[in-house]
Amino acid sequence: MDIFVVGLSHKTAPVAVREKVAFPPENMQPPLQQVLALPDIAEAVIVSTCNRVELYAAGQNVEAGVQQLKHFMADYHQVPFETLDKHLYVMQGEEAIRHVFRVTASLDSMVIGEPQILGQIKTAYGYAAEHKSVGLILNRFLHKAFSVAKRVRTETNIAGNAVSVSFAAVELARKIFGSIEGKTVMLVGAGEMCELAAKHFINNGVDRVLVTNRTFARAEKLAEEFSGQAVLFDNFHEHLHQVDILLSSTGATNFIIDPDQVSGALRLRKQRPMFFIDIAVPRDIDPRVNDINNVYLYDVDDLQGVVNANLKERHKEAEQAEEIIEYEIGQFQLWMAGLEVVPTIVALRQQIDGLRQNELDKTFANLKHLSDKDRKAITAMSSALINKILHPPTRVLKQAQQDANAQQYVDALQTLFDLEISAPQGKLKNLDND
Amino acid sequence: MSLNIVLFKLTLGLYAVTTGLYLFSAVANREGSDRWGRMALLVAFAMHTVTLVARYVEAGYTPVTNLHESLSFFAWALAGTFLVIDWRLRMSVLAATTSTLILVMMLFGSLLPMHVQELNPALDSLWLPVHISLAFLGNAVFTVAFVAAVFYLLQERMLKSKKFSALYYRLPSLETLDMINYRCLTFGFPLMTMGIISGAVWAESAWGTYWSWDPKEAWALITWFFYAALLHGRMTTGWRGRRAAIFAIIGFALLLFTFLGVNLLLPGLHSYTSMGS
């Protein structure tokens with residue numbers, strides 16, 4: 001029994017392909033049933049988001065299973081097999097485990113550390129559980145993936161810093177003011193980005209909003225929206241000293257805020273810091289404002305630079321996350337390997353014992369003169385012999401299980417002795433422990 | 001080796017552990033990773049307290065009469081002050097820096113003659129513990145202000161230039177750093193003032209004059225005036241941020257010179273606290 005993955009993502013397929021093979025969430029039962037009906041698929045989960053479509057499966061015959069999954073995807077969505085195949089990636093065993101752990105922990109996302117993917121995989125697993133397409137292996141596997149994602153989130157800072165311009169502005173404000181609760185924001189001019197940033201500030205505790213615009217009616221409308229106060233554009237400078245954070249995005253071709261005005265405002269507010277965000281192009285605020293003590297001025301490029309630095313920081317954190325994932329892959333493989341060790345030992349013993357029994361019967365049929373005592377002695381001897389023979393391989397196998405490299409021995413034994421075993425269909429206990 | 005010296009070395013080791021744990025926590029930058037450092041600092045501080053008590057019992061006087069003892073006492077006051085601040089603010093980078101300073105003082109102290117000396121009769125007074133405790137507590141508080149000021153300037157530079165190093169992601173906000181600076185000033189200044197006044201009263205009873213302009217007194221007064229100016233600026237004209245940070249750093253340099261430089265370079269009435277005999 002092994003785990004394998006067939007799928008495509010933003011890394012291998014353009015949106016034109018991804019949208020063709022997406023599985024709509026309101027209709028998951030038919031595809032899950034069809035996948036499960038495939039001869040070499042024992043368990044399956046279908047993940048379908050706007051950035052990836054992936055099938056996670058478990059089965060004995062990986063090669064056949066993979067082919068069946070590929071054809072299923074093409075047939076189900078009525079896409080030519082050749083067109084689809086070149087975008088598909090296939091992974092099995094350790095590689096597949098790593099992939100799913102990385103996806104769930106948001107390391108494979110377009111924006112590393114974005115929080116949605118974990119919920120999406122959980123939903124996909126939910127559908128699979130609902131339609132009973134998951135069993136012992138994928139149940140355990142997906143739960144493990146969720147706990148790995150949680151570990152990554154709590155033990156690394158992967159989702160720590162803002163990766164959008166407007167959130168970056170809020171974070172910078174926090175770096176300057178500590179808390180932005182009770183601070184005053186002024187919007188100069190209007191623009192989509194400006195309004196979005198203002199909303200973030202308000203959601204994060206800013207409680208007073210001043211709005212100014214060349215068209216006073218527009219200012220009044222926005223002020224109403226933010227339950228703020230509209231200010232005449234002609235004398236908005238007179239309110240500057242009340243403002244902690246100023247967002248500017250007018251269509252002006254010249255600077256509308258100069259260093260002298262800011263210095264004056266700063267004196268009135270006893271040098272309490274001010275944060276200017278200039279989203280306008282061409283810029284609204286004289287860049288020399290940034291040279292004044294306790295004043296911080298960021299334009300669009302500066303904010304983008306912050307976002308890039310934050311992304312870099314996330315990539316650094318991702319390295320730590322990869323280490324966590326490597327460790328957890330080992331842990332999961334240990335469990336996988338353990339799955340087959342005991343059944344293999346049992347099957348081997350049964351096989352040899354069956355042979356012994358056959359040979360004894362044959363021998364006793366030919367040697368009718370043997371007394372009961374002799375028969376007992378011969379039986380005991382044959383038992384002792386197979387016990388002695390089986391002892392070392394059993395010991396090695398159990399040791400290998402602890403060292404997490406039992407799979408090679410299990411495979412070898414199954415091939416050499418032609419053993420027929422299947423994964424135990426035991427109770428699904430201990431699933432939610434981790 | 002007498003008990004207090006064994007304990008001193010043990011304390012030194014504990015401070016080394018504390019510093020290591022705090023450095024690790026500062027680099028790791030994880031929520032809650034500083035709790036081991038804080039725990040170690042608490043243990044080290046407790047051990048240090050025991051060390052000072054042991055030395056007091058052995059010597060029969062408050063152990064602040066030579067440079068080894070003074071450094072140890074200074075480090076102890078700094079550890080205590082920082083524990084109080086760190087308990088509320090939890091900042092690994094500041095903690096790592098402060099514990100490194102403590103460690104350096106202790107290492108310096110361990111290189112000096114450590115044995116208990118005969119008490120100079122001039123120091124045999126109840127004013128000794130009062131004067132010295134106030135002075136060193138003030139010094140400790142100003143040291144924390146200095147650490148916060150250094151990081152304020154570093155972070156302010158990054159915010160102005162828009163170039164962020166790894167440090168940026170590990171520092172508290174400018175407001176918090178400035179607030180530490182201010183709080184330390186409001187606690188440190190009265191301590192320092194009382195330290196100087198108690199010294200003057202003691203001088204009057206011991207030498208018959210409140211003020212004799214020996215180098216220590218002169219430099220202490222200069223430092224006092226400097227911090228007074230900063231406090232005044234902060235409270236009346238809204239000095240803050242960068243300027244306040246620069247003042248706190250210069251103030252600390254003056255303070256360090258008053259403590260160490262005067263003893264080592266300028267002989268005077270306070271010279272018993274030199275390198276030891």
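Chain A is divided into domain 1 (2–155), domain 2 (165–308) and domain 3 (332–416), with bounds that come from an automatic or database domain assignment. The C-alpha centres of domain 2 and domain 3 of chain A lie 79 Å apart. This is a predicted model, in which local features need pLDDT of at least 70 and side-chain atom pairs count only at pLDDT 80 or more, while totals for chains, interfaces and linings use all residues. Residues are numbered from 1 along each chain as its sequence is written, and chains are lettered from A in the order in which they are written.

Chain A holds an open sheet of four strands in the order β2-β3-β1-β4, with antiparallel pairing; strands are DSSP runs of E with at least two residues, and helices are runs of H or I with at least four, while two strands pair if DSSP finds at least two bridges between them. The edge strands, each pairing on one side only, are β2 (43–48) and β4 (89–92) of chain A. Six bridges join β2(A) to the antiparallel strand β3 (residues 52–59) of chain A, and I46(A) stands opposite L55(A) in β3(A).

Turning to the interior, the largest nonpolar core has 122 residues, among which L187(A), L247(A), F276(A), A145(B) and A148(B) touch the most other members. Such a core is a set of buried Ala, Val, Leu, Ile, Met, Phe, Trp, Tyr and Cys residues joined through C-beta atoms within 7 Å, where buried means that 20 or more other C-beta atoms, placed from the backbone, lie within 10 Å of a residue's own. Helix α5 (residues 127–161) of chain B gives the most to this core, with 17 residues.

Note on methods:
A residue is buried if 20 or more other C-beta atoms lie within 10 Å of its own, exposed if 12 or fewer, and partly exposed in between; C-beta atoms are placed from the backbone.
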